Amino acid sequence: MSSVLVVRGAADAGAIRRALPGVLVRESTDLGSPLPADSTVVVLRSGLRLGRCELDALPRLRHVVRTGSGIDHIDVNALRGRGIRLHRNAEAGADAVGEWVLAAALSLSRRIPLGQHALQLGRHEKQACAGVPLGTLTAGIWGAGPVGLAAGRALAPHVAGTAYAAWPSNPPGLRELSPTALAEQSHVHVVALPLRPTTRRVVGEEFLARVAPQRPLLICAGRLETLDVTACLRALANGRLSGLALDPVEQAHLPLLAAATSTAESLNLLVSPHIGAQRSDVRSALDRWAVDLLREITADDVGVRDGGRW
């Protein structure tokens, strides 16, 4: 008999139970507590590590369902070594993240976060909030996966131009610039890179020094670890960046941001708790996808849908 473990926030466990009445469905707040060793399927969200230690606690595991796109928190090599299939849906939330990118660009260009933080502290900083028209700014997008492409679509009607960092795997038809040219010419930088060893903290002191003459806006819609966050906050404080927006903030990142948010009245800083894809229609679509996929998996334990897998 199949046994499904749903990590809270990854999918609607109640809907799964109703759709699969013959399947044992359990829910857990995380992967750190004692796990049911008979689980054959785990439904996972971002922000939780699934590595060898967790896999050792799940000896019967055969499928991992990632209701989203990023898989850097999953030890894919360990899954392959044990013959565990990984299923994910990288497309469902992309447009919602693109919408968040547009909202962030508008907010930063009008310096709304700076004004809001100051008012909360009893300060009226109207003069400091003089913004610029978003339509006069050019956007450089780093990463041409589903999120990067959605960010470009969302921004294109509202900015002076968009371009992507040239890369061999980019889909055809994109306007591309060399990384050097993109860094030096863009007024808004959108980081939508997957987290890999080569992209970890890729936006650091060298990048910030290169873009400083433009005093650009920097928006992170990928993994926070692709940025040297301390360096970016320092660049924002000393004026090398005009604004900084960070969406993929997980619980573990809070200490990293504590010092900056304590002086946030002087910074054009927008932070959000990884809400880019947290839109009701996206959650509904992912819940339906998870139910359909689990129905196939638990029926014959081999089925895979087009949501994606490695």
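How do the residues of the lining of the second largest pocket divide into nonpolar, polar and charged? In this predicted model, the lining comprises 6 nonpolar, 7 polar and 2 charged residues. To see the pocket, select Val132, Leu137, Arg215, Leu217 and Ser242, which lie nearest its centre among the 15 residues that line it; the space inside amounts to about 200 Å³.

From Leu217, go on to the strand that contains it, S10 (217-220), and display its neighbour S9, residues 188-191, which runs parallel to S10 and is joined to it by 4 bridges. Within this pairing, valine 188 has leucine 217 as its bridge partner. Now widen the selection to the whole open sheet, whose 7 parallel-paired strands follow the order S8-S7-S6-S9-S10-S11-S12. At its edges are S8 (176-177) and S12 (269-271), each of which pairs on one side only.

Next, select leucine 218, and set aside its neighbours within four places in sequence: the residues in contact with leucine 218 are then Leu108, His189, Val191, Val203, Leu227, Cys232, Leu241, Gly243, Leu244 and Ala245. Leu218 is also among the residues with the most contacts inside the largest nonpolar core, together with Leu227, Cys232, Leu241, Leu244 and Leu246, in a set of 30 residues. Colour the contributing elements, and you will find that S7 (161-165), H7 (179-185), H8 (205-211), S10 (217-220), H9 (229-237) and S11 (243-246) each supply at least two residues of this core, with H9 giving the most, namely 6 residues. A second core, separate from this one, has 25 residues and includes Trp100, Leu137, Leu155 and Val159; Leu137 was already selected at the pocket, as one of the residues nearest its centre.

Move now to strand S4, residues 63-66, where His63 and Val65 point one way while Val64 and Arg66 point the other way, and all of them are buried. On display beside S4 should be S3 (residues 41-44), which pairs with S4 in the parallel sense over 4 bridges, and here valine 43 stands opposite valine 65. S4 also pairs with S5 (residues 85-88), again in the parallel sense and over 4 bridges, with arginine 66 standing opposite arginine 88.

For the last stop, select valine 76, which lies in helix H3, residues 76-82. Is valine 76 buried or exposed? Valine 76 counts as buried because its relative accessible area is 14%, and the cut-off for buried is under 20%. Finally, draw a distance from the C-alpha atom of valine 76 to that of alanine 166: these atoms are separated by 27 Å, and the two residues are 90 residues apart along the chain.

Conventions: Residues are numbered from 1 along each chain as its sequence is written. This is a predicted model: local features need pLDDT of at least 70, side-chain atom pairs count only at pLDDT 80 or more; totals for chains, interfaces and linings use all residues. Side-chain values use heavy atoms; hydrogens and water are left out. On a 1 Å grid over the protein atoms alone, a cavity is a set of points where a 1.4 Å probe fits but cannot get out, and a pocket is an open set with protein on both sides within 12 Å along at least five of seven lines; lining residues have an atom within 4 Å of a point. Grid points are joined across faces, edges and corners, and a volume is the space filled by probe spheres set on the points. Ala, Val, Leu, Ile, Met, Phe, Trp, Tyr, Cys and Pro count as nonpolar, Asp, Glu, Lys and Arg as charged, and the others, Gly among them, as polar. A nonpolar core is a set of buried Ala, Val, Leu, Ile, Met, Phe, Trp, Tyr and Cys residues joined through side-chain atoms within 4.5 Å. Buried means under 20% relative accessible area, exposed over 50%, partly exposed in between (1.4 Å probe, protein chains only). Contact means heavy atoms within 4.5 Å. Two strands pair if DSSP finds at least two bridges between them.
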